[in-house]
Amino acid sequence: MNDLLDRFRNGDRRALARLITHVENETPTGRAAMRELYGDTGRARSIGITGPPGAGKSTLVDRLALQFRQEALKVAIVAVDPSSPFTGGAILADRVRMRKLADDPEVFIRSMATRGALGGLSRTTGSVLKVLDAFGFDVVLLETVGVGQGEVEVVREAETCIVLEVPGLGDSIQAIKAGVLEIGHIFVVNKADKPGADRVVEQILGMLGLNPTPPEWQPPVIETVATRGEGMKELADQIRAHWSHLDEKSLRRRHIGLRRVADLGEILKGRALGMISEKILAQSGYEELKQQVERGDVDPFEAADRLLPFDGSEDWRLP
Ligand SMILES: Nc1nc2c(ncn2[C@@H]2O[C@H](COP(=O)(O)OP(=O)(O)OP(=O)(O)O)[C@@H](O)[C@H]2O)c(=O)[nH]1
Ligand SMILES: [Mg+2]
C-alpha cells in the first residue's frame, strides 16, 4: 500500500488506476489510501454531465475535455454507466471516446460500471473524484445517464452540473424531469442540428422561469452540436462563469464542507457497523440462530432482538 501510494504521488498512472479499483471495491487498501490522500483534496473542479441515453453526453464530454486541454488543464473523465445487458455499459462508454484524448498523457479516462446496483454508488464516485483530485487533475468530468434518482445523486457529487436535453424526444416537458431541473447549473440542448432545438430551449427556459424565487445563479440554456464541436466555447465560458460564481459566494467552500460532513457520517457508519458485527459474530449462538431464521423457526426480528437487544430508535441520526 505504501509502495502504491508512493508511485501514485510520483504521478504513476498505473498506480492511480489500481488505487481507483481499490477505492471502488472498498478494500482495506482503498480505505487506508483515502485516509492518506484526504488532505490533498479540494483543488480540482468537478463537472457532472447527465442526460437521457444517447443524448450525446460522451461526445460532448470529449469535446469539452479537448477544450480544457487547449488551456493546458489536466483532465480526468469518469463515465458512470449503469451497465445494461443491451449496451454492455462501461464498454460502450470507452468505445466512443476520441482517439486524440486516449493518446494524451494528461488525460485520464475511467469507466465505472454500476452493474445495476446504485446503492452506495454516489459514495464511491465521491471517493474516486477525491483520488483524481489528489492526483493533481485540474478538471474532472463525470458522465452519467440521467435515468433515475441514483444518477441524480451521483451528479450531485460534482460542483457544476450540466443537464443535456435533445430535440425529438416527443413532448420534452415529459422528458425533463423535475428532479433534473433542480440540479442543473447549465442546460445544454445538444443535437441542435436537428429540428425542434429552439423549442426545447424555450421549454426549459419556461420551466426555469416557474421558480417563484429567482436563484442567485440563473442557469443558462445553450445549444450545441457536439459532433461538430459547435457551442463548446460558449459552454466552457458558462462553466467558468459558474466557477467564478461559486468562488465569489463562497459556495464552493460550502459544497466541499458539506461533502466533508457527509464523509464523516459514512466513516462513522462504517465503524459502527464494524464494531457491532464483531460483537454479534463473537456470540456463540449466532450460527445456530441464523439457521433457525433460514428454516423459518425464528423470525428475523426476534433473532435480532436476541443478538442485539436495542430499545432505541432505528432511525439514522448520523450526519
Ligand atoms: N446529429 C447529432 N448527433 C449527435 C450529436 N452529438 C452526439 N450525436 C450522436 O448521438 C449518438 C450518441 O452519442 P453519445 O455521445 O454516445 O451519447 P451518450 O449520451 O453518451 O449515450 P449513452 O452514454 O449511451 O447514454 C452518437 O451517434 C453521436 O454521434 C449532435 O450534436 N448532433
Ligand atoms: Mg455515453
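Allow me to begin with a definition: a residue is called buried if 20 or more other C-beta atoms lie within 10 Å of its own C-beta atom. By that criterion, helix 14 is hardly covered, since none of its 10 residues is buried: the count is 0. I shall return to this helix shortly. Please keep in mind throughout that the model before you is predicted.

Let me first describe the protein as a whole. Its secondary structure comes to 15 helices and 7 strands. Of its 319 residues, 34% are buried. If we take the contacts with a separation of 6 or more, 73% of them join residues 24 or more positions apart.

I now turn back to helix 14, which covers residues 286-295. How does helix 14 pack against helix 15? The angle is about 165°, and the axes are 10 Å apart. Because angles over 145 degrees count as roughly antiparallel, helix 14 is described as roughly antiparallel to helix 15. The crossing of helix 14 past helix 15 is right-handed. On the side of helix 14, the contact is made by Tyr286, Leu289 and Val293, and on the side of helix 15 by Pro300, Ala303, Arg306 and Leu307. By class, the residues of this contact are 6 nonpolar and 1 charged, with no polar residue. Just after helix 14 comes glycine 296, with a positive phi of about 90°.

May I now direct your attention to the other end of the chain, beginning with helix 1, residues 2-9. The axes of helix 1 and helix 2 come within 7 Å and cross at roughly 125°. That angle makes helix 1 oblique to helix 2. Their crossing is left-handed. Helix 1 contributes Leu4, Arg7 and Phe8 to the contact, while helix 2 contributes Ala15, Leu16, Arg18 and Leu19. In this contact of helix 1 with helix 2 there are 5 nonpolar and 2 charged residues, and no polar ones.

Helix 2 also packs against helix 3, at an angle of about 110° and with the axes 7 Å apart. Helix 2 and helix 3 are therefore roughly perpendicular to each other. Which residues meet in this contact? From helix 2 they are Leu19, His22 and Val23, and from helix 3 they are Thr29, Gly30, Ala33 and Met34. The contact of helix 2 with helix 3 divides by class into 4 nonpolar and 3 polar residues, with no charged residue. Leu19 thus appears in the contact with helix 1 and in the contact with helix 3.

One residue of helix 2 merits closer inspection. Isoleucine 20 is placed in helix 2, residues 13-24. Is isoleucine 20 buried or exposed? Isoleucine 20 is buried, because 23 other C-beta atoms lie within 10 Å. Leaving aside residues up to four places away in sequence, isoleucine 20 touches Arg110, Val128 and Val131. Isoleucine 20 is also 10 residues from glycine 30 in sequence, and the C-alpha to C-alpha distance between them is 7.6 Å.

Between helix 2 and helix 3 there is a loop that holds glutamate 26. The phi of glutamate 26 is near 50°, which is a positive value in a residue other than glycine. Glutamate 26 counts as partly exposed, because it has 15 C-beta neighbours inside 10 Å.

A further residue of this kind is serine 250, whose phi is positive and near 60°, again in a residue other than glycine. Where is serine 250 found? Serine 250 is in the loop between helix 12 (232-248) and helix 13 (251-281). Serine 250 counts as exposed, because it has 10 C-beta neighbours inside 10 Å.

Finally, I come to the ligand. How many residues surround ligand 1? There are 19, and the closest are Gly56, Lys57, Ser58, Thr59 and Ala226. The elements that give two or more residues to this shell are helix 4 (57-70) and helix 5 (90-95). Helix 4 gives the most, with 3 residues. By class, the shell around ligand 1 consists of 8 nonpolar, 7 polar and 4 charged residues.

To close, let me set two places side by side: isoleucine 20 is buried, whereas helix 14 has a buried count of 0 among its 10 residues. I thank you for your attention.

Note on methods: Residues numbered from 1 in each chain as written. Chains lettered and ligands numbered in written order. Predicted model: local features only at pLDDT ≥ 70, side-chain atom pairs only at ≥ 80, totals over all residues. Near = placed C-beta within 6 Å. Helix = DSSP H or I, 4+ residues; strand = E, 2+ residues; numbered from the N terminus. Nonpolar A, V, L, I, M, F, W, Y, C, P; charged D, E, K, R; others polar. Axes fitted to C-alpha atoms, helices over the stretch in contact; angles between N-to-C directions. Parallel < 35°, antiparallel > 145°, perpendicular 65-115°, else oblique. Left-handed = near helix turned anticlockwise from the far one by under 90°. Contact = placed C-beta atoms within 7 Å. Buried ≥ 20, exposed ≤ 12 C-beta atoms within 10 Å, placed from the backbone.
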